[in-house]
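Visitor: I should like to take a close look at a single part of this model, namely the surroundings of its ligand. Please describe that part and then relate it to the rest of the fold.

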Amino acid sequence: MLNLVLFGPPGAGKGTQSQKLIEKYGLIHLSTGDLLRIEKDNGTPLGLEAKKLMDDGKLVPDEVVIGIISNKLDANLNAKGFIFDGFPRTVAQAEALDTLLESKKTPITVMIALQVPDDELERRLLLRGKDSGRPDDANPEVIRKRIKEYNDKTAPVAGFYKTQNKYNSINGIGSVNEIFDAIGGIIASY
Ligand code: B4P
């Protein structure tokens, strides 16, 4: 099984690259952002809880997203592998993911981190916000808060995978295809 953690700040291109990776490698795409937006759109109790936090640029509580991922893993027992996109976003989530995967005897293969400077992230997200209808992409203040949440709570997750020798970093500036080729090169080396 190939289990890939695609890592990076908001707007780094995780969702964009995931779409190409699932086509090439036949993996199941697990995006906690997408899954939370479905809950929000359906107006479920979980979605209503998440909405306020997401629209304000904050992270949703660990136990909520861990529960969502656990259900999705159970629902895809015969998968060739998974792309974890936007998860784990805290060290507690990374520890919980290891425990979940241990029980299924299928560990994380590799983590790939997309590096993009803050000013480019802000530019990309504001551009997407013009037609995505996502409230968290429309407001520069909320975007800066998301980047701060990333630096405070998510960036330390890189250290978690470094200690397991699974961390790889690539430049997230360039064309979508150039970045996709760089990701493919790392996957091939595993
Ligand atoms: P996410 O949905 O994960 O959103 P994201 O980080 O903004 O997206 P991504 O990095 O995938 O960017 P994309 O490829 O689309 O999270 C949203 C919210 O959900 C969080 O703030 C949080 O509240 C909550 N949440 C999600 N997961 C959570 C968790 N695990 N724990 C707690 N809370 C959680 O790219 C962005 C833009 O850049 C696009 O418009 C794209 O076209 C453009 N782009 C991509 N690649 C490019 C390139 N090479 N050059 C130029 N532009 C490019």
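Guide: The model is a predicted one, and the description begins at the ligand. Around the ligand there are 28 residues, and those that come nearest are K14, T32, K58, R128 and R146. Three side chains may be described by their polar atoms. In the side chain of R128, an N or O atom is 2.4 Å from an oxygen atom of the ligand. The side chain of R37 has an N or O atom 2.8 Å from an oxygen atom of the ligand. For T32, the ligand atom concerned is a nitrogen, which is 2.8 Å from an N or O atom of the side chain. On its own the ligand has 1000 Å² of accessible area, and the protein covers 87% of it.

Two of these residues lead onward into the protein. R146, one of the residues nearest the ligand, is also touched by D136. D136 belongs to helix 7, which comprises residues 135-138. With a relative accessible area of 7%, D136 falls under the 20% limit and is therefore buried. Its side chain is joined to that of R134 by a polar contact of 3.0 Å. Beyond four places in sequence, D136 touches M54, V142 and I143 as well as R146.

T32, whose side chain approaches a nitrogen atom of the ligand, is in turn in contact with I69. Setting aside neighbours within four places in sequence, the other contacts of I69 are L30, F84, F87, L97 and L100. I69 is among the residues with the most contacts inside the largest nonpolar core, together with F7, L36, L73, F84, L97 and Y161. This core has 29 residues. Two or more of its residues are given by each of strand 1 (2-7), helix 2 (32-42), helix 3 (45-55), helix 4 (62-74), strand 3 (81-85), helix 5 (91-103), strand 4 (110-115) and helix 9 (157-162). Helix 4 supplies five residues, the largest share. Apart from this core lies another, of 21 residues, including L4, I170, F180 and I186.

Helix 4 also holds K72, which is partly exposed, with a relative accessible area of 34%. Leaving aside neighbours within four places in sequence, K72 is in contact with L30 and L35. The C-alpha atoms of K72 and I28 are 9.6 Å apart, although 44 residues separate the two in sequence.

Helix 5 contains two of the contacts of I69, L97 and L100. Both are buried, as are Q93, A94, A96, D98 and L101 of this helix. The cover over these buried residues includes helix 4, strand 3 and helix 9. The length of helix 5 can be checked: its 13 residues, at 1.5 Å a residue, should span 18 Å, and its end C-alpha atoms are 19 Å apart, so the two values agree. Just after helix 5, K105 takes a positive phi of about 55°.

A last position is G184, in helix 10 (residues 176-188). Its relative accessible area is 15%, so G184 is buried. G184 and Y25 are 159 residues apart along the chain, while their C-alpha atoms are separated by 9.8 Å.

How values were computed:
Residues numbered from 1 in each chain as written. Predicted model: local features only at pLDDT ≥ 70, side-chain atom pairs only at ≥ 80, totals over all residues. Heavy atoms only, no water. Core = buried A, V, L, I, M, F, W, Y, C linked by side-chain atoms within 4.5 Å. Buried < 20%, exposed > 50% of the residue type's maximum accessible area, 1.4 Å probe, protein only. Helix = DSSP H or I, 4+ residues; strand = E, 2+ residues; numbered from the N terminus. Contact = heavy atoms within 4.5 Å. Near = heavy atom within 4 Å. Polar contact = N/O pair within 3.5 Å; in protein donor to acceptor, adjacent residues only side chain to side chain. Areas by Shrake-Rupley, 256 points an atom, 1.4 Å probe, with all protein chains shown as cover. Expected span 1.5 Å × (residues − 1).
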